[in-house]
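Let's take a stroll through this chain, one part after another. Have the sequence and the model open beside you.

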Amino acid sequence: MVTWILKKILGSKNQRELKRLMPMVRQINEFDEQFKSLSDEDLRAKTAAWKAELAEIPGLEAQSRKLDEILPEAFAVIKNAARRLKERQNSFTVCDQPMNWDMVHFDVQLLGGIVLHRGRIAEMATGEGKTLVATLPLYLNALTGRGAHLVTVNDYLARRDAEWMGQLYDFVGLTVGCIQHDQEPDVRREQYAMDITYGTNSEFGFDYLRDNGMATTREQQVQRGYHYAIVDEVDSILIDEARTPLIISGPATISTHQYDKWKPLIEQLVRKQNMLCNRVASEAIEAFEKGDVDPAKKAEFMAEGGLLMFRVKLGQPRNKQLLRMMEDPDKRRAIDKAELSFFQDTRKEELFALKEQLFFTIDEKSNEADLSEQGRNFLNPDDPDSFVLPDLINEFTEIDLDPALSPEEKDKRKAERQQHCDAQAERIHNISQLLRAYCLFEKDVQYVIEENKVVIVDEFTGRKMPGRRWSDGLHQAVEAKEGVQIDRETQTLATITIQNYFRLYQRLAGMTGTAETEAAEFHDIYKLDVNMIPTNRLVARTDYNDRIYKTRREKYNSVINEIRDCHNKQQPVLVGTVSVEASELLSRMLKREKIPHNVLNAKFHMQEAEIVQRAGQPGTVTISTNMAGRGTDIKLGSGVPERGGLMVIGTERHEARRIDRQLRGRCARQGDPGSSRFYVSFEDDLMRNFGAADRMTRIMERFGLEEGQELEHRWLNKSVETAQKRVEQRNYLIRKRTLDFDDVMNMQREVVYTYRNETIDSEEPRKLIYEVIDEAVPAKVKEYLDVDEPNYTGLIHWVNTTFPLGLTKEKAQFETRTAEENTQFLIEKIKDAYERKSSHEEPTAVKSLERYIILNAIDRLWQEHLYAMDALREGVYLRGYAQKDPLIEYKTEAYDMFVDLMANIKNEVLNNLFRSTSNLQAFENFLATLPQFLLREHAPTAPTANAPARGRQLQPVGAMAAVGGDGDGEGEVTIDLPVRRSMPKVGRNEPCPCGSGKKHKNCCGRVA
């Protein structure tokens, strides 16, 4: 009560903040009046003068202060330019459509521009001109010359807004670019070089990954920094898409999937489960009917029926008989009661036994399907252990302790057991993913089939996402299910989450019609505060209470009746659905009623904006999947306001309240009349999974609902919103967890990408090579010598296999020096050898080669590291069973793996240093200068730091040996090379080529 009174007197926090900005709005309008007397050239001259002034200011902070100082004047320049374009009725073409400029900034739009410049989120209702608002802060921040980005949700909007608002930027002397999906790198670089660049979040993110993870020269990189960005539809990009990381992947080197092999068995298994569930449901119906016949035993029969139907719910949550029974309050309560009783701790074993009566169980909430023992026996009746992973540690220990086995046999046995384990794990994984594909992923809901490919449908926008694939083999499982071509498995080459990409920007802002419900998440993750900007005119929309029905069938019939009534009085209707399947079902029902309509869903992406623009014409009926067509205004046709404006009908409540608010906001723009209503049934996924089932059942009983009757009350709206809040909280925790894990990867990514860019930008890559030598050699010396028993032979072997030094124990004399002195001795030898190698090559080519050596090591090992990190992340959740926090375990192991990665990169660089050349002839010239040794023995196995190698007896051959083989070898570099023949090989019994007439084995061959 006290809070309410204070808010009435002082206003909310948002109102107080906006009030503080109003004097700045008045200041902008005063400057606008002054600028009316300026010529076009004088107005443009202000842009050039500010750009020149800001270019001379060093440092971001000083530039930022200057921008705040000139804000009112800069905003006034843009507003004045917009007025001039409108007064001249400037005509132009946008996306091949003719347009006239007819917009000048309102005061509320100036307010929104100030909020955006300050790095906040401006919540502005649909139709308030967010596209125009963005021109103000984009113009101001582009003056620094560092680039300003506007991020939209699809390529069409990026191109439309760049061409549309480009008229204004061009008028004031700024350049504007647009990133599109199919552009070449050269074109992209040009677009990023513009003052202002429009594009989609995925294009910006993928360009970042390509620049930092794949480009090998500065010319191949297209982006030029992350100064300022405005995210349009910020809730859709930073929240809805935040759970899916951006991944650039390439085909895996080997593909071992068995989806096509297991598909027929899984199909049979699913059919058997369906038959089993239908039989159990029939038994439940019989039990319920017996209860109706015998009232004395009704409670007993109801409990039996509830138990049977709970079993059906575990095995087939969308079973039609189950859904029909859920419509009856008594049966619904019996099922809920059985479910609640089994989830008590004391009945865990009974629940397990109940699950074992099925072939598999399905959990819709967590999107998982789990085989039971019965299901496993059906798939593999002959092998009871086919779904058990072997305990490799125990098996390896048994092999090691077996005295009858030789070392070679032990290695062979271990390899066989490892191979068996891998095959077992692959089979289990393939079957699990196929089961998920059959039971949890529906065609035309989660995906569509297009050109013999599975294309994912975005659950929030209803848009198709070509090129995106589900990870972990799930996409291949769905491809196998649908009988389309199964593409090869992919391996991650580079990855980043949307959250971490946008946190790269020095200043980030956003705008949307619905951000208030997610304000806490924006603040926690992105440090973005939300300001609600008032509408230019009062909203005249009427939001009716939800209508709640028992079944979907009743709900859809009622929706059709409402559409018919509106259509008969020529009132336009926009119908929002949550899936492609629902939109096509409604379309079929409307065709039966002979009501003309347009369908806008993932299958008709191309006509999206055109259909939405026509949605306000008299008598038009438009069915739209989840706010497809966002960013396009629905303007009312003539006579429509008198008929009540646009009617928005939601056929289902979405998981997120924001999506529902966006749908409502499509009508009543700029003070237009309009109305909205949502239709809900107890069969909707939201109500089944997260709704208050008990409370709804009691309400149904109390009101005694008949077929086709509805519930309608504002209290029921609250109940639905409570369910939505539960889902929002759950999804937020998922996104937060994704970010917590990716933060670990992000720190590693920053180190690797910084090292990579440092290599690309370096004028003297040899300094980086020598840094690697200075860091890696001491570590190796320490590994071999800083132990209880120094392994001098092992160190010599490592040196000789990595560098062409040809060290012997006598030459090296490691025993006579300290570890530090040995380190210095080796570093000098290696650098001297490298200088000698480089002297035979072209200087410019050597620089490119040195960069390539480092970049190749980074890229190859980073990809392997990403693969290992994926495996760690999947397996680390099992640590929870040992009462350990998976995140802490992940951080600890990830750090150890990263330390190994950096050490391996350095070793890889050293290994390739003398095995790479820019020119084969130069390399041969270098080899010709080296003393050569022939090894007169079988090559030993590579020693480890703790296992000394067998000594090599190096026997000098020929004149080169005399140069390099005497004394201490000071100043000489040697390399072990095979002996090259100057003539064809001579057989032992053939005549000797010296001409003696004897057999080769009795002449020169005897000496050899």
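In what order do the seven strands of the open sheet come, and is their pairing parallel or antiparallel? The order reads 5-6-4-7-15-3-16, and the strands pair in the parallel sense. At the edges sit strand 5 (176–178) and strand 16 (530–532), each of which pairs on one side only. On average, neighbouring strands in this sheet are turned by 20° against each other, direction ignored. Keep in mind that you're looking at a predicted model.

Zoom in on the end of that order. Strand 3 (residues 121–123) is joined to strand 16 by three bridges, running parallel. Across from Ile121 you'll find Val530, which belongs to strand 16.

There's also an open sheet of three strands, ordered 11-12-13, and here the pairing is antiparallel. Its edge strands are strand 11 (447–450) and strand 13 (464–465), and each has pairing on one side only. Strand 12 (residues 453–457) and strand 13 run antiparallel and share two bridges. If you want a residue pair to click on, try Ile456, whose bridge partner in strand 13 is Met465.

Here are the two strand pairs side by side:

| Strand pair | Sense | Bridges | Residues facing each other |
|---|---|---|---|
| Strand 3 and strand 16 | parallel | three | Ile121 and Val530 |
| Strand 12 and strand 13 | antiparallel | two | Ile456 and Met465 |

Now for a helix. Which residues of helix 18 (residues 392–401) are buried? They are Leu392, Glu395 and Ile399. These three lie on the same side of helix 18 because they cover an arc of only 65° around the axis. The background is simple: an α-helix has 3.6 residues a turn, so residues three or four places apart point the same way. What do the buried residues of helix 18 pack against? Their partner is helix 19 (407–440). Flip to the face turned away from the buried side of helix 18, and you meet the exposed residues Ile393, Glu398 and Leu401.

Finally, step back to the whole chain. It has 38 helices and 26 strands. Of its 1008 residues, 51% count as buried. The accessible surface adds up to about 48,700 Å², with 50% of that belonging to carbon and sulfur atoms. As for contacts between residues at least 6 apart in sequence, 74% join residues at least 24 apart.

Key:
Residues numbered from 1 in each chain as written. Predicted model: local features only at pLDDT ≥ 70, side-chain atom pairs only at ≥ 80, totals over all residues. Heavy atoms only, no water. Pairing = 2+ DSSP bridges. Helix = DSSP H or I, 4+ residues; strand = E, 2+ residues; numbered from the N terminus. Axes fitted to C-alpha atoms, helices over the stretch in contact; angles between N-to-C directions. Buried < 20%, exposed > 50% of the residue type's maximum accessible area, 1.4 Å probe, protein only. Contact = heavy atoms within 4.5 Å. Areas by Shrake-Rupley, 256 points an atom, 1.4 Å probe, with all protein chains shown as cover. Arc of directions from axis to C-beta.
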